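The following exercises ask the reader to examine a protein step by step. Each task is followed by a worked solution.

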Amino acid sequence: MNQSIIGISSFPKYFEPYIRFLRAKLSPVRFKHCVDVGLAMGKAFNVYGNNPPFDPHGRDDWMLSGLVHDVMKEASVQTMRWWIEKYSPDELSLIPPSMQDHHVYMHGPAGSVFVRHALGIRRSGTFHEAIAHHVGCYEAMSLLARCLNVADMTQPAERYRGCDKLGRIFFGGDLNSAELLLSAWTKEFFEQIRFPVHPAFEPKIAKMTKLLKPAPEFFSREG
Ligand SMILES: [Fe+2]
Ligand SMILES: [Fe+2]
């Protein structure tokens, strides 16, 4: 926990109320994960956000998106649904009905409206969409959303085999490869534990495999 306390001082001062709220609302493990993803997004901004064509979202917003991305992760699915239905019902139509009972697919859209309407964080549509779609199974994701999706899994609440490799590729500047790896591993893992695999994973993996033509060993969790 020490490391994340040191990390907290790297956030802008005006994040303090959000940090206090998250610390009170979330379990220590989830809170640390949120801090780590916020810091990872600051690092990601230096790699991806600051390059031409200039991304209009500043480093602060990238860090803030990471900090608050899982604000609803530990709520009940009913609570998530309430927030989505009240403030962003169109988001529900983007989630297959059979997956609306799963917090994995519901907490992003719920968190997105929660930060706006409960925490008063009002940023661009891109900012809120990135939080809504950070699970990664959406069409035409923005650069911010794509980075949040990958940064999230470079700082997992529970370490998994391969997360260091994912981080090296991502922070090394190869976002496409990092996304492909993460999508393939996520699909593989969900299938293993018999968790519903969002239908968007398959075409995303196929499209990126065609683009990157990875060798089979690319998908190894070692290396
Ligand atoms: Fe999440
Ligand atoms: Fe997360």
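**Exercise 1.** Which helices are included in what covers the buried residues of H7?

*Solution.* The model is a predicted one, in which local features need pLDDT of at least 70, side-chain atom pairs count only at pLDDT 80 or more, and totals for chains, interfaces and linings use all residues. Residues are numbered from 1 along each chain as its sequence is written, while chains are lettered from A and ligands numbered from 1 in the order in which they are written.

Step 1. Fix the terms. Helices (H or I, at least four residues) and strands (E, at least two) are DSSP runs, numbered from the N terminus. A residue is buried if 20 or more other C-beta atoms lie within 10 Å of its own, exposed if 12 or fewer, and partly exposed in between, with C-beta atoms placed from the backbone. Two residues are in contact if their C-beta atoms, placed from the backbone, lie within 7 Å.

Step 2. Identify the buried residues. In H7, 11 of the 15 residues are buried; among them are Tyr105, His107, Pro109 and Phe114.

Step 3. Name the cover. It includes helix H4 (59–68), helix H5 (77–87), helix H6 (89–92) and helix H8 (125–132).

**Exercise 2.** Describe the overall build of the protein, and decide how its radius of gyration compares with the globule rule.

*Solution.* Step 1. Count the elements: there are 12 helices and 0 strands.

Step 2. Apply the rule. The radius of gyration is taken over C-alpha atoms, and the globule rule is 2.2 Å times the number of residues to the power 0.38. For 223 residues the rule gives 17 Å, and the radius of gyration of the protein is 17 Å, so the protein is as compact as a globular protein of that length.

Step 3. Add the dimensions and the contacts. The C-alpha trace spans about 45 × 40 × 35 Å along its principal axes. Of the contacts with a separation of 6 or more, 66% are between residues 24 or more positions apart. Buried residues make up 37% of the 223.

**Exercise 3.** Test the lengths of H7, H9 and H11 against the expected span of a helix.

*Solution.* Step 1. State the rule: the expected span is 1.5 Å times one less than the number of residues.

Step 2. Take H7 (residues 103–117). Its 15 residues should span 21 Å, and its end C-alpha atoms are 20 Å apart, which agrees.

Step 3. Take H9. Its 12 residues should span 16 Å, and the distance between its end C-alpha atoms is 17 Å, which agrees.

Step 4. Take H11 (residues 175–192). For its 18 residues 26 Å is expected, and the end C-alpha atoms lie 25 Å apart, which agrees.

**Exercise 4.** Which residues touch the most other members of the largest nonpolar core, and how is Cys147 placed?

*Solution.* Step 1. Define the core: it is a set of buried Ala, Val, Leu, Ile, Met, Phe, Trp, Tyr and Cys residues joined through C-beta atoms within 7 Å.

Step 2. Find its centre of contacts. Among 51 residues, Met41, Ala44, Val68, Ala110, Cys147 and Ala151 touch the most other members. Helix H3 (residues 28–49) gives the most to this core, with 10 residues.

Step 3. Place Cys147. It lies in helix H9 (residues 143–154) and counts as buried because it has 29 C-beta neighbours inside 10 Å. Beyond four places in sequence, Cys147 touches Met41, Ala44, Tyr48 and Leu175.

Step 4. Consider H9 itself. Since 11 of its 12 residues are buried, H9 is largely enclosed by the rest of the structure. Its cover includes H3, H4, H8, H10 and H11.

**Exercise 5.** Are Arg194 and Lys213 buried or exposed, and what is the sign of phi in Arg194 and Lys213?

*Solution.* Step 1. Recall the general expectation: most residues other than glycine have a negative phi.

Step 2. Examine Arg194. This residue lies in the loop between H11 and H12 and has a positive phi of about 55°. It counts as exposed because it has 7 C-beta neighbours inside 10 Å.

Step 3. Examine Lys213. This residue lies in the segment after H12, and its phi is positive, about 45°. With 8 other C-beta atoms within 10 Å, Lys213 is exposed.
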